[in-house]
Amino acid sequence: MSTPLLEIRNLHVRVEDNEILKGVNLTLNRGEVHAVMGRNGSGKSTLSYVLAGREDYEVVEGEVLFDGENLLEMEPDERAAAGVFLAFQYPIEIPGVATMTFLKAAMNAQRKARGESELTTPDFMKAVRDASGLLDIKQDMLKRPLNVGFSGGEKKRAEILQMALLQPKLAILDETDSGLDIDALKVVSEGVNRLRSADRAMLVITHYQRLLNHIVPDVVHVFSNGRVVETGGKELALELEAKGYADFDEPNAA
Amino acid sequence: MNVQTPVRLSAAEEAFVGQLESAGASAAAERFRIIGLPTRRVESYHYTDLKTLLSAVPPLARAAKGASAPVIDIPGAYRIVIANGEVQNSGTAPNGVIVSKVAGATLTTRDDVLMRLNSALVSESVSVELTGHVDAVVHIDRRMEGDAAHVQSGAKIAFAAGTKATVIETVSGSDAAHMGNAGSYVSVGEGAEVTHILVDLSARQATHFASVEYRLAANAKFKSVVVNAGANLARAQIFAEFTGEGTHGDFYGLNLVDGEQHKDITLDVTHGVPHTTSSELYKQIARGRGKAVFQGKINVARDAQKTDAKMMMQGLLLSDEAEILAKPELEIFADDVVCGHGATCGDLDDTWLFYLMSRGIPRAEAETMLIRGFLAEIVDAVEAEHVAQALGDIVEVWLGKAV
Ligand SMILES: Nc1ncnc2c1ncn2[C@@H]1O[C@H](COP(=O)(O)OP(=O)(O)OP(=O)(O)O)[C@@H](O)[C@H]1O
Ligand SMILES: [Mg+2]
């Protein structure tokens, strides 16, 4: 068997003296889509930030291998160049940085890291036009500063646009469905599905089974109190929806 | 004459006195001998103690032999060169622009040492009168050329009623420890729509002072942009007075500070009549061991009801040893006004940096993008495309400079 794309082993993470992740184990192979479901505050976003490389998290134990490499030693930009992409639960507004300038810088930075030449402006424009068209993103939105004044749903769509342009190997979608209306959910899910391929994998964090009707997962993990407490097939999501989290909580969990 | 015993003069002060005397300005010399350079005890110089900061004064400038290439060359602009204080012949002025030389200085009398020095030492100034829609940008290009020199210069800029125009003044020159002191008196006529920009691009070891007075008549739309991007020690003083109703003024400024530099923007806006509005946005960015100072004061006269003025200073600190100081002040004598001020200062936002880096943008490039973003508001304030481009280039040069 080939090396898994992502291997999280016994990951313990602390934030300001609180242990938030308490021994996460998760293996994701190429071509797979895994869903992660779990209560508010159980540590799902923390896991996604740790994978993307945000500072202020202290890894106290465990390891994360990406394509066999130690992911935790890499800077966030190196992780991105290696193929990690996080669609943020709360995308950040950055006034003063034009969306198009940002997109071009991001695409070219990754190309450069891979030893490829810079995109020409026409090629870049075309790539953005095509990808935004498929996601139903209005061109005038792209003329604004990054995420500034975007509605909640527009921000989520913009995250998926970035993902489509950057073509990551591992996409972590942190509640990309929250804040999307029904039509947008469909458009965004199609965008995600277009990216599914045998050499990519996705970690889809969500609270709702509804998203999983569109993005059908291979595996579902239940997250509780900082670790994966149950792993199953897509029917696990249905079971959760019906019963809630109580049955899955650890005996000693709050 | 019986004068009070002067404090012991510093070498720089002695030099000023000597230069004033040699220029025949004996009354100014006498006064200077008594008052000297301002120390931190003088409120308006509290953060820019000239007595301590000015260690030497180069000799008074002589006529420049040749001029260096312009530091910025704005396509299509009409350029008037003032080299070492002397107004040069400047070719055919565009329609609506009349250029002439006037004797003496141009500033009014204020209790300020730099302005007094300028008034005493400037022997001729340039006068630029603008009328109607002036398409070409007018560029007053002040130079400090040759060996280190003390250069005083003056300009009078008069925008007639209804004029639409952009004037940019820059200071630059040879790579020497010059000391410049530039005065500009700018009058904006009724209903004029005008932008005035002042940029210090003088040499790294130079010292540069600029004082600008604005008089704003009724129903005008006025914009002022001041950028300190050159001298090691710089101070730009802006005095604006609203003298006619219905006028709006936007005041922008930027201090770009690094190394051991000290740059000061001191603003004094007076709403002297009812129904005038202003917004003031000043940004300061400091790295190395640089020090950036902004002092802003808004005065609202007793009769100036319905004044609306909002002043903001934003600072971006890029090193632990750099310093950014801000002193905003409001002095309001009218009761029906809306005035406010605020100041923020911090380093680059970590969450913004993380977001950019998480998309593959390396740290240094991400930081540059954020700094550029921070400064964009000032550059973008200028409508004249080539001028905005030139200001953008100045920012880029600063960003690209090794520190
Ligand atoms: N910087 C921080 N300082 C202190 N506590 C933090 C910090 N960041 C996260 N936490 C805590 O860690 C826990 C997990 O948060 P996290 O955002 O990972 O939860 P989540 O599973 O994504 O929840 P949700 O479903 O609501 O998005 C929460 O209790 C949160 O308050
Ligand atoms: Mg979350």
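Visitor: What distance separates the mean positions of the positive and negative charges of chain B?

Guide: The 35 positive and 50 negative charges of chain B have mean positions 4 Å apart. Lys and Arg are counted as positive and Asp and Glu as negative, whereas His and the chain ends are not counted; each charge is placed at NZ of Lys, CZ of Arg, CG of Asp or CD of Glu. In chain A, 29 positive and 40 negative charges have mean positions 6 Å apart. The model is predicted: local features need pLDDT of at least 70, side-chain atom pairs count only at pLDDT 80 or more, and totals for chains, interfaces and linings use all residues. Residues are numbered from 1 along each chain as its sequence is written, chains are lettered from A and ligands numbered from 1 in the order in which they are written, and side-chain values use heavy atoms, with hydrogens and water left out.

Visitor: Why is the pair Arg110(B) and Glu213(B) called a salt bridge?

Guide: The term requires a side-chain nitrogen of Lys or Arg within 4 Å of a carboxyl oxygen of Asp or Glu. The closest N and O atoms of Arg110(B) and Glu213(B) are 2.7 Å apart, and the pair therefore meets the criterion. Over all chains, the search of the whole structure finds 36 salt bridges.

Visitor: Where in chain B do Arg110(B) and Glu213(B) lie?

Guide: The pair links distant parts of the chain, 103 residues apart. Arg110(B) belongs to the loop between β3 (97-103) and α4 (113-121), while Glu213(B) is in strand β10 (residues 207-216). Helices (H or I, at least four residues) and strands (E, at least two) are DSSP runs, numbered from the N terminus. Chain B has seven helices and 19 strands; chain A has nine helices and 12 strands.

Visitor: What makes Glu213(B) buried?

Guide: A residue is buried under 20% relative accessible area, exposed over 50%, and partly exposed in between (1.4 Å probe, protein chains only). Glu213(B) has 2%, and is therefore buried. Its partner Arg110(B) has 29%, which means that Arg110(B) is partly exposed.

Visitor: How do you know that Asp141(B) and Arg143(B) form a salt bridge, and are these residues buried or exposed?

Guide: Their closest N and O atoms are 2.8 Å apart. Asp141(B), at 1% relative accessible area, is buried, and Arg143(B), at 2%, is buried also. Salt bridges with shared partners join Arg79(B), Asp141(B), Arg143(B) and Glu145(B) into one network.

Visitor: Why is Asp111(B) called exposed?

Guide: Asp111(B) has a relative accessibility of 69%, and therefore counts as exposed. Asp111(B) also forms a salt bridge with Arg116(B), with the closest N and O atoms 2.9 Å apart.

Visitor: How do you know that chain B agrees with the rule for a compact globule?

Guide: The radius of gyration is taken over C-alpha atoms, and the rule is 2.2 Å times the number of residues to the power 0.38. For 403 residues this gives a value near 22 Å; chain B has 21 Å, which agrees. The C-alpha atoms of chain B fill a box of roughly 70 × 50 × 45 Å along the principal axes, and 56% of the residues of chain B count as buried. For the 254 residues of chain A the expected value is near 18 Å; chain A has 18 Å, which agrees.

Visitor: What makes the phi of Asp136(A) worth noting?

Guide: Most residues other than glycine have a negative phi. Phi of Asp136(A) is near 60°, a positive value in a residue other than glycine. Asp136(A) is found in the loop between α4 (121-134) and α5 (139-142) of chain A and, with a relative accessible area of 53%, is exposed. Apart from neighbours within four places in sequence, Asp136(A) is in contact (heavy atoms within 4.5 Å) with Arg157(A) and Val187(A).

Visitor: Which value of phi does His275(B) have, and where is this residue found?

Guide: His275(B) has a positive phi of about 55° although it is not a glycine. The residue is in the loop between β14 (262-271) and β15 (277-286) of chain B. At 43% relative accessible area, His275(B) is partly exposed.
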